[in-house]
Amino acid sequence: MAKVPVQFTLNGSEKAEFIESGTTLLHALRDKIGDTSPKGGCHQGTCGACSVIIDGELKLSCLTLAETCNGADIRTTAGLAEAGVLHPLQRAFLDAFATQCGFCTPGVIMAAKVLLDRTPNPSREDVVEALSGNICRCTGYEPIIQAVLAAARANSQNAA
Amino acid sequence: MSLALQTFSTVKDANAALQASGTRYLGGGTLVVRGANEGDVSVSSLVRVTEPSLSAITVSGGRVQLGASVTMAAIARHPDLAAVAPAARAVGGPAIRNMATVGGNLFAPAPYGDFAVALLALDATVTAGTGETPIEAFLAGRDDSRAIVTAVGFSLPKADSFRFLKVSRVKPKGISVLSIAALLQRAADGTVTSARIALGCMADRPMRAKTAEKALLGCKLTSEEIAPALAAVGEGIAPITDPIASAWYRAEVLPVHLGRLLLS
């Protein structure tokens, strides 16, 4: 299979790789670039574990071909912490015990980040809707919902 | 997965490439990449098109034109498309809606394709190749279609004339038990003067409920007057059986949900 060049920005850093044509973004991120924060769950677009943010929109890296991301700005959970300080969403997930095995957590956090970027003070219904494409088999969803709401409160307090 | 992706700037060039054996069109990827991930070895290469017109939404003179690459998310947030937004929001979760396209939804097998159900009720036309095809004919022949769909068009329904219902077990997002779309024109006294009802999950693709449509003509939307339409809605259906629901269950609850939609 011919290899094709792919260039995009990943968490603020320029990335350039040669990949096999038809490689999914999930595969390219994990196996070529070494960002293992997006998880390969169902590979069908059902579980949301592979969710990443591409040009500001939540998308599923398991169903996105890496070649279609040329020139894109891609954000993953691995890029959220800055200088060793966790992102407020990551901190809230720890504080609310919203993560157990952690497999779904990166995808959930990216879905929540898109929500809070657009809706800084979401309702519980907003959170449920935003996370409706993400499956968690460990915690049940209530701690996750509470964590996102707590992160939103923390953000608004910091902004005040 | 071993796929070769070819990217074209024009539909014309992509159409030529699509004629090669084993080649499929790549829109949002929610069907074809999923299929490849599941091991569909009938697909060996993909083509896609970056032509900007494919992502355009035009609303003018009561007529809507959606480029085939328009996503469900774009429809759901468009200020002039509030009437059909519920059908777009019924498709998957947020990430899927950011990827799933109008064109792809036309090819989605049951239990998917909820937006195509809405388009069928709206009597949409599908533009592929050089001509327009009524959606009912397009859906009937979609398995043999080799021309890239470029757009769908429909008349924007008047307020409260269009109704859409998706029934799922998981809220707010879940795979369809069934979906129903209805376009109803009514006289000033509430009598139904025309009706188009489309059903999802009642066959392998969206279908019309033509007997129920006829039974609604001349009726007012009351429990008594819609009863014949509810009794007739199962005529000609062949529901799917999947992990979400059996064919028997889908057939049993179809009139219940149609009744709720009509009386809502």
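This section describes the fold, the cores and selected residues of a predicted two-chain model.

Chain B comprises 11 helices and 12 strands. Its C-alpha trace spans about 60 × 45 × 30 Å along the principal axes. For 264 residues, a compact globule would have a radius of gyration near 18 Å. The value for chain B is 19 Å, which agrees. Buried residues account for 55% of the 264 residues in this chain. Contacts were also sorted by separation along the sequence. Of those in chain B between residues at least 6 apart, 59% join residues at least 24 apart. The exposed area of chain B is about 11,100 Å². Carbon and sulfur atoms supply 55% of that area. Chain B carries 25 positive and 20 negative charges, and the mean positions of the two sets lie 5 Å apart.

Chain A has 5 helices and 5 strands. From the N terminus on, the order of its elements is β-β-α-β-β-β-α-α-α-α. Two strands thus precede the first helix, and three more strands follow that helix. Four helices then end the series. Along the principal axes, the C-alpha atoms of chain A fill a box of roughly 50 × 30 × 25 Å. A compact globule of 160 residues would have a radius of gyration near 15 Å. Chain A has 16 Å, in agreement with that value. Of its 160 residues, 49% count as buried. Among contacts in chain A between residues at least 6 apart in sequence, 55% join residues at least 24 apart. Chain A exposes about 7,300 Å², of which carbon and sulfur atoms supply 50%. The 13 positive and 16 negative charges of chain A have mean positions 4 Å apart.

The largest nonpolar core contains 82 residues. Within this core, I75(B) and F115(B) touch the most other members. Helix α3 of chain A, residues 105-118, gives the most to the core, with 8 residues. A second, separate core holds 32 residues. Among them are L184(B), L221(B), A245(B) and L261(B).

F115(B) belongs to helix α7 of chain B, which covers residues 114-121. This helix is mostly covered, and 8 of its 8 residues are buried. They are D114(B), F115(B), A116(B), V117(B), A118(B), L119(B), L120(B) and A121(B). Just after α7(B), D123(B) takes a positive phi of about 60°. Neighbours within four places in sequence were set aside when the contacts of F115(B) were listed. The remaining partners are L66(B), M72(B), I75(B), V84(B), A87(B), A88(B), V91(B), V102(B) and N105(B). I75(B), the other residue named for its links within the core, is thus a direct contact of F115(B).

N105(B) lies in helix α6 of chain B, residues 102-105. Its relative accessible area is 7%, under the 20% limit, so N105(B) is buried. Beyond four places in sequence, N105(B) is in contact with M72(B), V91(B), G113(B), D114(B), F115(B) and A116(B). Of these partners, D114(B), F115(B) and A116(B) are among the buried residues of α7(B). M72(B) and V91(B) are also contacts of F115(B).

A203(B) was examined next. This residue is found in the loop between β11 (192-200) and β12 (207-208) of chain B. A203(B) counts as buried because its relative accessibility is 15%, and the limit is under 20%. Leaving out residues up to four places away in sequence, A203(B) touches A110(B), A238(B), P239(B) and I240(B). A203(B) and G236(B) are 33 residues apart in sequence. Their C-alpha atoms are 9.2 Å apart in space.

In chain A, K32(A) is placed in helix α1, residues 25-33. Its relative accessibility is 35%, which lies between the limits of 20% and 50%, so K32(A) counts as partly exposed. Not counting residues up to four places away in sequence, K32(A) touches K3(A), E17(A), F18(A), I19(A) and H27(A). One of these partners, H27(A), falls within the residue range of α1. K32(A) and L89(A) are 57 residues apart along the chain. The separation of their C-alpha atoms is 27 Å.

Methods
Residues are numbered from 1 along each chain as its sequence is written. Chains are lettered from A and ligands numbered from 1 in the order in which they are written. This is a predicted model: local features need pLDDT of at least 70, side-chain atom pairs count only at pLDDT 80 or more; totals for chains, interfaces and linings use all residues. Side-chain values use heavy atoms; hydrogens and water are left out. The radius of gyration is taken over C-alpha atoms; the globule rule is 2.2 Å times the number of residues to the power 0.38. Buried means under 20% relative accessible area, exposed over 50%, partly exposed in between (1.4 Å probe, protein chains only). Contact means heavy atoms within 4.5 Å. Accessible areas come from the Shrake-Rupley method with a 1.4 Å probe; for residues, only the protein chains shown count as cover. Lys and Arg count as positive and Asp and Glu as negative; His and the chain ends are not counted. The place of a charge is taken as NZ of Lys, CZ of Arg, CG of Asp or CD of Glu. A nonpolar core is a set of buried Ala, Val, Leu, Ile, Met, Phe, Trp, Tyr and Cys residues joined through side-chain atoms within 4.5 Å.
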